[in-house]
Number of protein chains: 2
Amino acid sequence: MSTGYLSISLPNIRANFRALNTACQGRAAAVVKADAYGLGSKQVAAALAREGAKTFFVAAAEEARPIRAALGPDLEICVFSGHMEGDTDLIRDLNLIPMINSVDQLIRHAEALPQHPFGIQLDTGMNRLGMEMSEWQAVRDLVLRMGPRLIMSHLACADDPDHPMNEKQLHEFRAMTDGLSVPRSLAATGGILLGPDYHFDLTRPGIGLYGGLPFASAKPVVTLDIPVIQIREVDTGESVGYSNTWMAPTPRRIATIAAGYADGIIRAMGPKTRVFAGDVGCPIVGRISMDLIGVDVTLVKSDPKSVQLLNGTQGVDTLAEAAGTIGYEVLTSLGHRYQRNYGLR
Amino acid sequence: MSTGYLSISLPNIRANFRALNTACQGRAAAVVKADAYGLGSKQVAAALAREGAKTFFVAAAEEARPIRAALGPDLEICVFSGHMEGDTDLIRDLNLIPMINSVDQLIRHAEALPQHPFGIQLDTGMNRLGMEMSEWQAVRDLVLRMGPRLIMSHLACADDPDHPMNEKQLHEFRAMTDGLSVPRSLAATGGILLGPDYHFDLTRPGIGLYGGLPFASAKPVVTLDIPVIQIREVDTGESVGYSNTWMAPTPRRIATIAAGYADGIIRAMGPKTRVFAGDVGCPIVGRISMDLIGVDVTLVKSDPKSVQLLNGTQGVDTLAEAAGTIGYEVLTSLGHRYQRNYGLR
């Protein structure tokens with residue numbers, strides 16, 4: 001085996017769902033867009049259905065194919081991008097619930113699939129998806145007669161509990177939806193942690209299911225083992241990797257491991273990241289290449305056959321910090337060359 | 001259709017191969033590792049075989065499966081990571097040529113597949129893959145009796161023609177291989193551009209095939225169209241996207257487009273990147289989300305249905321600069337939600 005081994009703990013994803021669902025006033029849906037944040041939407045959706053999830057969210061209608069196949073015909077699959085041009089057949093055939101984002105989409109949906117379920121997405125200040133107040137006021141009565149399944153919005157700053165934007169969006173959401181007898185949804189993982197005022201009828205945890213911040217007590221979900229190709233002695237002053245960016249300050253033992261940025265190990269994280277040989281942290285040395293990385297294994301007692309980049313000690317948020325990004329991007333970048341295992345580990 | 005549309009020009013990949021092959025003293029192989037730098041190794045390898053390529057390189061043995069299926073049984077597929085533990089069956093069944101990197105690998109290969117073709121990878125200073133001088137001296141005579149197909153090494157600084165490392169590695173490579181009657185390979189794309197001294201019998205262009213630097217006259221290979229979900233008016237002082245990082249300085253029209261960092265649009269490039277609506281460059285505003293990006297379409301005359309992130313005007317190296325990385329990472333990050341088309345465009 002000459003590629004990495006990515007172990008995805010479905011039991012821990014289920015445990016994270018359970019914890020977030022229990023914390024909610026209403027019930028929790030499961031966000032499985034972007035291939036379940038890179039972890040495999042088919043496997044994750046099936047596991048969460050076994051855990052009792054009844055509603056799933058994807059970004060684009062196409063993403064629902066493997067999920068519908070895994071879930072069977074009945075559970076709800078909602079589409080954040082709504083009813084886009086060309087989506088009608090997929091929405092009908094896969095029994096999807098588009099979250100209608102605009103009057104254009106509303107007209108498209110009403111004309112193409114007049115009896116088909118839908119939800120409404122409102123914009124409460126993020127200016128990203130959904131109808132704004134004026135649009136909503138213009139079509140609200142019509143929409144209510146059509147019987148939407150859900151009215152939702154999305155928070156821009158929920159990861160920062162003290163940000164005034166949260167209360168502002170909550171206030172706007174209530175102003176747009178109070179008194180309507182339609183189920184409501186505002187919170188994703190960050191919003192759940194803001195407390196019950198933000199929960200309404202349905203929450204939409206995503207990153208929290210997959211072990212990432214802001215859900216600090218999430219169970220870790222991914223372990224990544226990378227095989228060692230060879231180990232060499234490097235003398236003082238010798239360089240390792242592209243452009244000679246690293247030079248050995250003293251004689252070192254350098255392992256070349258079989259993964260790189262083509263596997264989603266973000267190139268920018270190189271200088272600040274370690275891999276683990278057992279308990280020993282081994283710094284990455286030199287530039288991360290497309291398929292190869294040099295690591296300093298001088299302190300490891302016996303030559304390791306593989307090392308870990310992700311484990312219970314070093315999670316996606318640690319890597320994200322080293323790469324100057326967020327755990328979400330570390331997850332969605334995880335590559336397709338890894339052997340993937342969905343066991344208990 | 002609610003996802004992006006990635007168009008990959010096989011004719012331009014073939015033209016880039018032709019140009020690089022013509023520039024070489026020897027002949028050019030084709031590097032199709034990392035799924036042909038994210039563009040689809042099956043399609044790319046088949047197209048390059050039609051262009052006359054006879055030798056292909058992958059990073060890991062597993063990567064050869066779709067390529068062998070596309071190429072038929074005869075063309076050469078070489079594996080940079082060599083003969084690793086667990087690779088024997090794949091190497092035999094897919095008729096692969098492992099580039100042996102160490103004495104350990106040499107023993108493994110000789111024991112497991114004594115009659116099976118192999119090559120040798122030498123380290124000439126990059127300290128990444130391959131045998132060093134002392135190792136090589138110890139096993140050279142044995143290796144030569146076994147009949148290697150190729151002896152290769154890799155340059156660490158070829159993208160910088162003035163770097164003294166290039167000549168140093170060339171000198172080391174000659175010292176290790178002059179006078180042996182085995183075909184030799186040292187240069188990838190950058191090395192080809194260093195001139196004929198670096199070419200030897202076989203070159204190994206990768207990035208140059210796919211339209212990236214340092215092959216400045218490469219034909220562009222990828223075009224990426226992203227559909228617009230909705231367009232909204234935003235007043236002065238309103239913010240767009242996560243954490244309110246962008247605020248409208250004057251009233252603007254903002255389009256939300258259906259792609260994000262889960263599609264390999266590296267989050268870090270956000271503040272410096274434009275998409276194109278026809279000829280009009282439209283800046284990205286606010287943070288790139290997982291599946292969505294806000295763009296300022298105020299200057300576009302009629303509402304665009306889609307915009308382009310990659311095209312003949314804006315290539316992978318422009319995006320790489322905005323993201324603080326290299327074009328290679330932009331390519332290998334290209335996502336799997338896009339509809340992919342291999343037409344003439």
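In this predicted model, Phe276(B) finds its bridge partner in E16(B), and that partner is Gly281(B). The pair belongs to a hairpin in chain B: strand E15 (residues 274-277) and strand E16 (residues 280-285) run antiparallel and are joined by four bridges. Just two residues sit between the strands of this hairpin, and Gly278(B) takes a positive phi there, near 60°. The pairing carries on from E16(B) to strand E17 (residues 293-296) of chain B, again antiparallel, this time over two bridges. Here Val285(B) has Gly294(B) in E17(B) as its bridge partner.

Chain A offers a parallel counterpart to look at. Seven strands make up an open sheet in the order E3-E4-E5-E6-E7-E8-E9 (chain A), and the pairing is parallel. At the edges stand strand E3 (30-31) and strand E9 (184-185) of chain A; each has a single partner strand, so one side of each goes without a neighbour in the sheet. Further in, strand E4 (residues 55-58) and strand E5 (residues 76-79) of chain A pair over four bridges in the parallel sense. One of the matches is between Thr55(A) and Glu76(A), the latter being the bridge partner in E5(A).

Back in chain B, helix H3 (residues 41-50) shows a clear division around its axis. Its buried residues are Ser41(B), Val44(B), Ala45(B), Ala47(B) and Leu48(B). These cover an arc of only 165° around the axis, which means that they lie on the same side of H3(B). A bit of helix geometry helps here: an α-helix has 3.6 residues a turn, so residues three or four places apart point the same way. The cover over the buried residues of H3(B) includes helix H1 (10-23), strand E3 (30-31), H2, strand E4 (55-58) and helix H4 (64-71) of chain B. After H3(B) comes Gly52(B), with a positive phi near 105°.

On the scale of whole domains, the assignment for chain A gives domain 1 (9-210) and domain 2 (222-341). Their C-alpha centres lie 37 Å apart. Contact between them involves seven residues of domain 1 of chain A and seven residues of domain 2 of chain A. On the domain 1 side, the residues that touch domain 2 of chain A are five nonpolar and two polar, with no charged ones.

The two chains are next. A turn of 180° with a shift of 0.0 Å along the axis lays chain B on chain A with an RMSD of 0.0 Å, and that is the relation of a two-fold axis. Which C-alpha of chain B is nearest the axis? It is that of Ser333(B), at 3.7 Å from the axis. Both copies use the same surface, as 100% of the contact residues of chain B recur in chain A.

That interface brings 54 residues of chain B into contact with 54 residues of chain A. On the chain B side, the elements giving two or more residues are helix H2 (33-37), strand E11 (222-234), strand E12 (239-240), strand E14 (252-257) and helix H11 (327-333). Of these, E11(B) gives the most, with five residues. By class, the side of chain B that touches chain A has 24 nonpolar, 18 polar and 12 charged residues.

How values were computed
Residues numbered from 1 in each chain as written. Chains lettered and ligands numbered in written order. Predicted model: local features only at pLDDT ≥ 70, side-chain atom pairs only at ≥ 80, totals over all residues. Domains from an automatic or database assignment. Contact = placed C-beta atoms within 7 Å. Nonpolar A, V, L, I, M, F, W, Y, C, P; charged D, E, K, R; others polar. Least-squares fit on C-alpha atoms with pLDDT ≥ 70 in both. Pairing = 2+ DSSP bridges. Buried ≥ 20, exposed ≤ 12 C-beta atoms within 10 Å, placed from the backbone. Arc of directions from axis to C-beta.
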